[in-house]
Amino acid sequence: MTAFTDVPTIEEFRSQLVAWLDEHDLTPPAGDHSLDAHHAQHSRVLGALYDAGWMRWGWPETAGGLGGPMILRAIVGEEVVGRRIDEPGPYSMLEVLTPTMIDYARPELAAEMVPLLLSGKETWCQGFSEPGSGSDLASLSTRAELDPDSGGERYLINGQKVWTSFAQYATRCILLTRTGPGHAGITAFFVDMDTPGIDVRPLRTMHGVDEFCEVYFDDVVVPADRMLGKPGDGWQLAMDLLPYERSTCFWQRIAYLYSRFDALVEAVKRQGQVVDPDLGEVYLALHMLRCRSAATQHRLADGQKLGPDTSIDKVLLATAEQLLYDTARNLLPGVIELEDSEWRTEYLYSRSSTIYGGTAEVQRNIIARRLLDLGKE
């Protein structure tokens, strides 16, 4: 366990975490960069951090945490992802799904399930997007209907989800369904992924990784007490989830992008090139993103309600990420086009940064309409 007897200061926490990570070698095994290896490493890292107490800080004691401010969670994620001992994708799911469980699940269910996620004993997925219902989440059509023979004790779920990250490894799924018309007809459930009727089909993307999946639901039986919140709470659950997705999750990805920026600078130096002015532009983009994200982190930690202003964070992230990898392509001739390298995989993935988590067009429209009051057109 960590050495703290009282809630630590941010400085104490980071200092002792860094010292602990320096003493405990959690470096991924060399040579295997497959998704299976990333998943195994993710479970390994979380298990070690949880057993030592680090993963429990910043989470409420009612859900197996040790309390303390939310910013402590951000520090753990920054150090873990920035050191490349875990990937930002799997790690970020903690910050998206854990708060949702704590806020919407029955207290006894959250107390049982959250430690399983934080300790790496389970992974979960997020069943939101559908074919034709990505950025327009309100148009989802996966249906949950009361089983007429259950006396109101279970639902039958039918439909399809897509772009479901890491569903092939997931033990549970936080699932949005339709139980009625409009926004008020969206209801969330916590579904066991081994339930009969669930079919997971990985999708191989252009960057060569089957991170995303299609998930089909065919008369899947879910107990009524697995509903998150009340009937019709699903839309609010999704809106409450976004601030976490665009605060601590982004903070972790920024740490990852900084590590890749440092690697790019070193690669340019090894080639004997003069450090290009374009690297300065990348650094400024990353620094501006980090400053914005830090402010968002602190506002969320102070209990402020985040809203459409997080669309700014999303636009800045996508801009910085694509600029970084565009610059890598320019300064490392042929590496992306001709070599089967980490740079190639990441360059291809960066093309999606203006799509995942809400397209750039949708985010700019939100900024224009809801922050700048420019109207609908």
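**Helix packing, nonpolar cores and cysteine geometry**

The buried residues of helix α2 pack against four helices in the predicted model: α1 (10–23), α3 (71–82), α4 (88–104) and α5 (107–118). The buried set within α2 consists of L35, A37, Q41, H42, V45, L46, G47, L49 and Y50. Helix α2 covers residues 35–51, and its 17 residues should span 24 Å at 1.5 Å a residue. The end C-alpha atoms of α2 are 24 Å apart, in agreement with that expectation. After the helix comes G53, which has a positive phi, near 95°.

One of the buried residues of α2, L49, also belongs to the largest nonpolar core, where it is among the residues with the most contacts inside that core. This core comprises 81 residues, and F13, M55, M101, L176 and L228 are the other residues listed with L49 for their contacts. Helix α7 (residues 248–270) supplies the largest share of the core, with 11 residues. A further core of 18 residues lies apart from it and includes C125, A167, V191 and M227. With residues up to four places away in sequence left out, L176 is in contact with G127, F128, L137, L140, T142, K161, I186, T187, A188, G234, L237 and A238.

A polar side chain is also found in a buried position, in helix α9 (residues 310–331), where D313 is placed. D313 counts as buried because its relative accessibility is 1%. Its side chain makes two polar contacts with other side chains: one with R292 at 3.0 Å, and one with T296 at 2.7 Å. Beyond four places in sequence, the residues touched by D313 are R246, F250, L289, R292, S293 and T296.

The cysteine residues form zero disulfides under the applied rule, which requires the two sulfur atoms to lie within 2.5 Å. For C125, the closest cysteine sulfur is that of C173, at 3.7 Å, and the pair is therefore too far apart for a bond. C125, a member of the 18-residue core, is buried, with a relative accessible area of 0%. For C291, the closest cysteine sulfur belongs to C249 and lies 20 Å away, so a bond is likewise excluded by distance. C291 is partly exposed, its relative accessible area being 42%.

Conventions: Residues are numbered from 1 along each chain as its sequence is written. This is a predicted model: local features need pLDDT of at least 70, side-chain atom pairs count only at pLDDT 80 or more; totals for chains, interfaces and linings use all residues. Side-chain values use heavy atoms; hydrogens and water are left out. Buried means under 20% relative accessible area, exposed over 50%, partly exposed in between (1.4 Å probe, protein chains only). Helices (H or I, at least four residues) and strands (E, at least two) are DSSP runs, numbered from the N terminus. The expected span of a helix is 1.5 Å times one less than its number of residues. Contact means heavy atoms within 4.5 Å. A polar contact is a pair of N or O atoms within 3.5 Å; within protein, one must be able to donate a hydrogen and the other to accept it, and residues adjacent in sequence count only if both atoms are side-chain atoms. A nonpolar core is a set of buried Ala, Val, Leu, Ile, Met, Phe, Trp, Tyr and Cys residues joined through side-chain atoms within 4.5 Å.
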